Structure formats: structure tokens, C-alpha cells
Amino acid sequence: MHFISEELENYVANHSQKEPELLVQLFKETHQKVLQPRMLSGHFQGRVLSMLSKIINPKAILEIGTYTGYAALCLAEGLLKDGTLDTIDIKEELVFIQKKYFDLSVWKNQITAHLGNALDVIPRLDKKFDLVFIDADKENYINYFNLIVPIMNKGGIILSDNVLWSGKVLEDLNPKDMSTKVLLEYNQMVNNDPRVETVLLPIRDGLTVSRVL
């Protein structure tokens, strides 16, 4: 679903910084070899993630939902020189492309990819985070958020992707559509949670920015 016209989307992308060549190649290979390539962040949202990370200048980043690694590489652009990025995905078939592009990047020694269920992996990380990007299975967004907030540094930023869910958040709810049901609950919960202050940005499929108080 396009929330603005494709022409305007193209204008926005054309007047934003170009993506690095490594990401151009990753974008291309993802579309050639991986199912559901629309899950990839892409040029414009990738530049938004990069800019936010550079503004925050985090020492520790956590990403839930690696996919092929495009967003992780965008977020890594803002890492401190001694910073780390932990990224988690449950799909073993994506490891080959993640590793290829992480190893080609200048952050290859700073990125650690974890294979497994994020709800199991996160408690084992034993660190505090400055920036978190939630972009995995929507039905666990509330669980992820409640697990993450206590391990955030004060002032840390939590980014939540796909919170508009192709506009389904405005449609009559299908009782069998658990992803939309959870996202509706999540959007309300995050907006009312006294532990954070939140703004929902209509970027691509919706990106929520929550600052930990």
C-alpha cells in the first residue's frame, strides 16, 4: 500500500542521500535470491535508519529481525568506533547472505549475528543498548518491547517498523488476523507507556520512534 503517490515517493528518494554501493549490491542480490524481498528496508528507509543512528551515535545496537542484513548495515553507520551491533533472526537460510555482506563491510568485527528466537537470545546478551530496531514477527512486538525497555540506557531509542501494516490498522479487524490485532494493541500500548515518549512517523509502512525516559 502506498500512503503517498509513487511519484512523490520517487521524488523523496531521489532527494535523499544515495545508498552506499555495498547496499546497492545487497538490495539486488536479495531480490534475485530471497523470498519476499519487499521485507528489505530499501533506499529511503535505510537512509532514515542511518541518519537516526548517526544522530544517536550508539555504542550498542540491537536489531530484532535481520532478514538479509540491509537495515543492520544502515544502523551500523552510526556506531561508535568501539561499538557493537547484535542482530537476531530465526531463519537459517538467510545466514549465507547476511554473513557475506557483513564480512564485506567495515563493521565486520563489530556485528554479531545470532540465529534463534529473539525471546531466548536477548536475555543472554548481558548488555545495555542505546538503539534498538524491532522488525521481526509482529505477533511478538509487545513481548519484544517489554523485554527490551529494562535493558535500554536512559535516553535510548527504540524503533518499531511496519506499525501501519499496509493500512490495516484503519480497517475493520479480521478476528483471525493476529498480526494486525497485536499491532493495534502495540501502537496504543507504546503511546501510553510512561517509560517512553513516542512519535509514529508515516515513513514507508510506519516507523515508531520511542525514547526511553
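## Helices on a seven-stranded sheet

Helix H3 lies across strands S1, S4, S5 and S7, and its direction makes an angle of about 165° with that of S4. On the same sheet, helix H8 packs by touching S4, S5, S6 and S7, with its direction at about 135° to that of S6. These descriptions come from a predicted model.

The sheet itself is open and is built from 7 strands in the order S3-S2-S1-S4-S5-S7-S6, with mixed pairing. Strand S3 (111-115) and strand S6 (196-201) stand at its edges, and because each has a single partner strand, one side of each is left without a neighbour in the sheet. From one strand to the next, the twist averages 15°. Within this arrangement, S1 and S2 run parallel and are joined by 5 bridges, and Leu62 has Asp86 of S2 as its bridge partner.

Returning to H3, the 15 residues of this helix (residues 42-56) should span 21 Å at 1.5 Å a residue, and this agrees with its end C-alpha atoms, which are 21 Å apart. The buried residues of H3 are Gly42, Gln45, Gly46, Arg47, Val48, Leu49, Ser50 and Ser53, and they pack against helices H2 (21-33) and H4 (70-76) as well as strands S1 (60-64), S4 (129-134), S5 (152-161) and S7 (207-212). Just after the helix, Asn57 takes a positive phi of about 55°.

Strand S2 (residues 84-89) contains Ile88, which is buried, since its relative accessible area is 2%, under the 20% cut-off. Leaving aside its neighbours within four places in sequence, Ile88 is in contact with Leu62, Glu63, Ile64, Gly65, Thr66, His114, Gly116, Ala118, Val121 and Ile122. Of these contacts, Val121 is 33 residues away from Ile88 in sequence, yet the two C-alpha atoms are 7.7 Å apart in space.

A further helix pair is formed by H7 (residues 141-148) and H8 (residues 178-192), whose axes come within 9 Å and cross at roughly 30°; this angle makes H7 roughly parallel to H8, as it falls under 35 degrees. On the H7 side the contact is made by Tyr141, Ile142, Phe145 and Asn146, and on the H8 side by Val182, Leu183, Glu185, Tyr186, Met189 and Val190. Of the residues in this contact, 8 are nonpolar, 1 is polar and 1 is charged.

The angles given for these helices are gathered below.

| Pair | Angle |
|---|---|
| H3 and S4 | about 165° |
| H8 and S6 | about 135° |
| H7 and H8 | roughly 30° |

Conventions:
Residues are numbered from 1 along each chain as its sequence is written. This is a predicted model: local features need pLDDT of at least 70, side-chain atom pairs count only at pLDDT 80 or more; totals for chains, interfaces and linings use all residues. Side-chain values use heavy atoms; hydrogens and water are left out. Helices (H or I, at least four residues) and strands (E, at least two) are DSSP runs, numbered from the N terminus. The expected span of a helix is 1.5 Å times one less than its number of residues. Buried means under 20% relative accessible area, exposed over 50%, partly exposed in between (1.4 Å probe, protein chains only). Contact means heavy atoms within 4.5 Å. Axes are lines fitted to C-alpha atoms, for helices over the stretch in contact, and angles run from 0 to 180 degrees between N-to-C directions. Angles under 35 degrees count as roughly parallel, over 145 as roughly antiparallel, 65 to 115 as roughly perpendicular and the rest as oblique. Ala, Val, Leu, Ile, Met, Phe, Trp, Tyr, Cys and Pro count as nonpolar, Asp, Glu, Lys and Arg as charged, and the others, Gly among them, as polar. Two strands pair if DSSP finds at least two bridges between them.
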